[in-house]
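Reader: Could you give me a close look at how the helices pack against each other in this one? I'd like a connected walk-through, with a bit of context around it.

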Amino acid sequence: MKDSLWRQPYLIDLTYADNFRLVKNSIRGRNLRILEIGCGTGFMSLELARMSHDVVGIDIDDRIIRIARRTMETDPYSKTRGDLRYEVADFNKWFDAPGTYDIVLFSRVLHDLPHPRKILSKARSLLKNNGRLVCLEYAYDRMNRRAATWLYQIQRTLELTDGYSSHPSENPREGVDNIMKEDLYGRKEHINKFEEMRHPLEQLFHRERFSWHCYYCWGVFSDMRIHDWNREKALARLFRGMEQLLIDSGEIQPVLFHFVGTKASA
Ligand SMILES: C[S@@+](CC[C@H](N)C(=O)[O-])C[C@H]1O[C@@H](n2cnc3c(N)ncnc32)[C@H](O)[C@@H]1O
């Protein structure tokens with residue numbers, strides 16, 4: 001865990017736990033059947049099962065599903081939680097009966113799946129009538145230069161004070177250009193743009209909620225290395241708070257969105 005955000009509980013609280021709170025607040029009802037697509041190490045599926053829902057988590061990566069299963073098997077709440085099952089599967093090739101699930105959840109995976117309309121149609125067919133789609137996703141094509149400039153300033157300041165493990169360019173213009181390039185195109189060959197995801201979401205589901213959230217700070221937290229944990233925690237809270245402020249005042253364009261919609265009739 002030492003190279004990930006999971007190295008510190010206070011970083012989890014400002015990132016993964018925050019995302020999970022959004023998901024949890026999108027779900028109403030008891031003992032629901034939930035499918036999580038691209039569940040990764042399964043922390044959301046596990047928490048949802050602990051809330052007594054029956055959960056299936058699928059992920060294409062067998063190594064990551066091994067971690068999810070290991071965590072599941074050592075869960076101290078296993079006797080009181082709902083059913084929990086993880087499968088190694090590519091969602092494109094995975095089948096289950098139509099109308100099986102109350103909730104289908106995508107957390108930070110839809111951007112990665114080519115043909116999002118096809119993917120979302122399939123997710124829709126797996127939902128029961130009035131079932132709910134919950135999608136938490138980032139859209140890096142929304143990153144603007146102001147956000148990249150703000151990020152560069154934080155990264156470079158941390159680096160100059162020995163608190164950062166990567167090395168942004170010494171030249172501010174080049175540093176900002178690099179952030180823009182890397183986040184837009186450097187991540188993957190394929191990455192869905194915001195509109196490519198938003199359109200099918202809006203067309204296939206009745207929108208119940210749509211909101212934007214902090215996400216730029218995740219990248220900073222990943223590379224931040226401050227030996228004094230109290231200082232690191234205070235700085236992490238400051239960066240997270242600043243990002244929220246800049247989003248709220250419209251100074252920077254946020255990239256993480258939260259969409260909740262119900263299955264619209266055909
Ligand atoms: C950024 S991780 C997100 C993990 C977790 N949902 C979260 O929010 O932390 C994206 C996950 O989607 C998985 N994934 C990518 N393509 C997939 C596919 N076609 N079918 C199933 N899982 C896929 C990846 O293996 C990875 O674990």
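Author: Sure. In this predicted model, the protein chain is built with 10 helices and 7 strands. Its radius of gyration comes out at 19 Å, close to the 18 Å that the globule rule gives for 266 residues, so the chain is as compact as a globular protein of that length. If you want to picture a box, the C-alpha atoms fill one of roughly 55 × 40 × 30 Å along the principal axes.

Now for the helix pairs. Start with H5, which spans residues 116-126, and H8, which covers residues 194-204. These two pack at an angle of about 30 degrees, and their axes sit 9 Å apart. Angles under 35 degrees count as roughly parallel, so that is what H5 and H8 are to each other. The crossing of H5 past H8 is right-handed. On the H5 side, the contact is made by Pro116, Arg117, Leu120, Ser121 and Arg124. H8 answers with Glu196, Met197, Pro200, Leu201 and Leu204. Sorted by class, the residues of this H5–H8 contact come to 6 nonpolar, 1 polar and 3 charged.

Next up is the pair further along the numbering: H9, residues 216-223, and H10, residues 229-248. Here the packing angle is about 165 degrees, with the axes 9 Å apart. An angle over 145 counts as roughly antiparallel, and therefore H9 is roughly antiparallel to H10. As for handedness, H9 passes H10 in a right-handed crossing. H9 brings Tyr216, Cys217, Val220 and Phe221 to the contact, while H10 supplies Ala236, Phe239, Arg240 and Glu243. The class split for H9 with H10 is 6 nonpolar, no polar and 2 charged residues.

One last stop, since you'll probably want it for your own work: the ligand. There are 17 residues around it, and those that come nearest are Gly38, Gly40, Asp61, Phe91 and Ser107. The shell around the ligand divides into 8 nonpolar, 4 polar and 5 charged residues.

So, to put the two helix pairs side by side: H5 and H8 are roughly parallel, whereas H9 is roughly antiparallel to H10. The crossing is right-handed for H5 past H8, and right-handed for H9 past H10 as well.

Technical notes
Residues are numbered from 1 along each chain as its sequence is written. This is a predicted model: local features need pLDDT of at least 70, side-chain atom pairs count only at pLDDT 80 or more; totals for chains, interfaces and linings use all residues. A residue is near a molecule or strand if its C-beta atom, placed from the backbone, lies within 6 Å of it. Ala, Val, Leu, Ile, Met, Phe, Trp, Tyr, Cys and Pro count as nonpolar, Asp, Glu, Lys and Arg as charged, and the others, Gly among them, as polar. Axes are lines fitted to C-alpha atoms, for helices over the stretch in contact, and angles run from 0 to 180 degrees between N-to-C directions. Helices (H or I, at least four residues) and strands (E, at least two) are DSSP runs, numbered from the N terminus. Angles under 35 degrees count as roughly parallel, over 145 as roughly antiparallel, 65 to 115 as roughly perpendicular and the rest as oblique. A crossing is left-handed if the near helix is turned anticlockwise from the far one by less than a right angle, and right-handed if clockwise. Two residues are in contact if their C-beta atoms, placed from the backbone, lie within 7 Å. The radius of gyration is taken over C-alpha atoms; the globule rule is 2.2 Å times the number of residues to the power 0.38.
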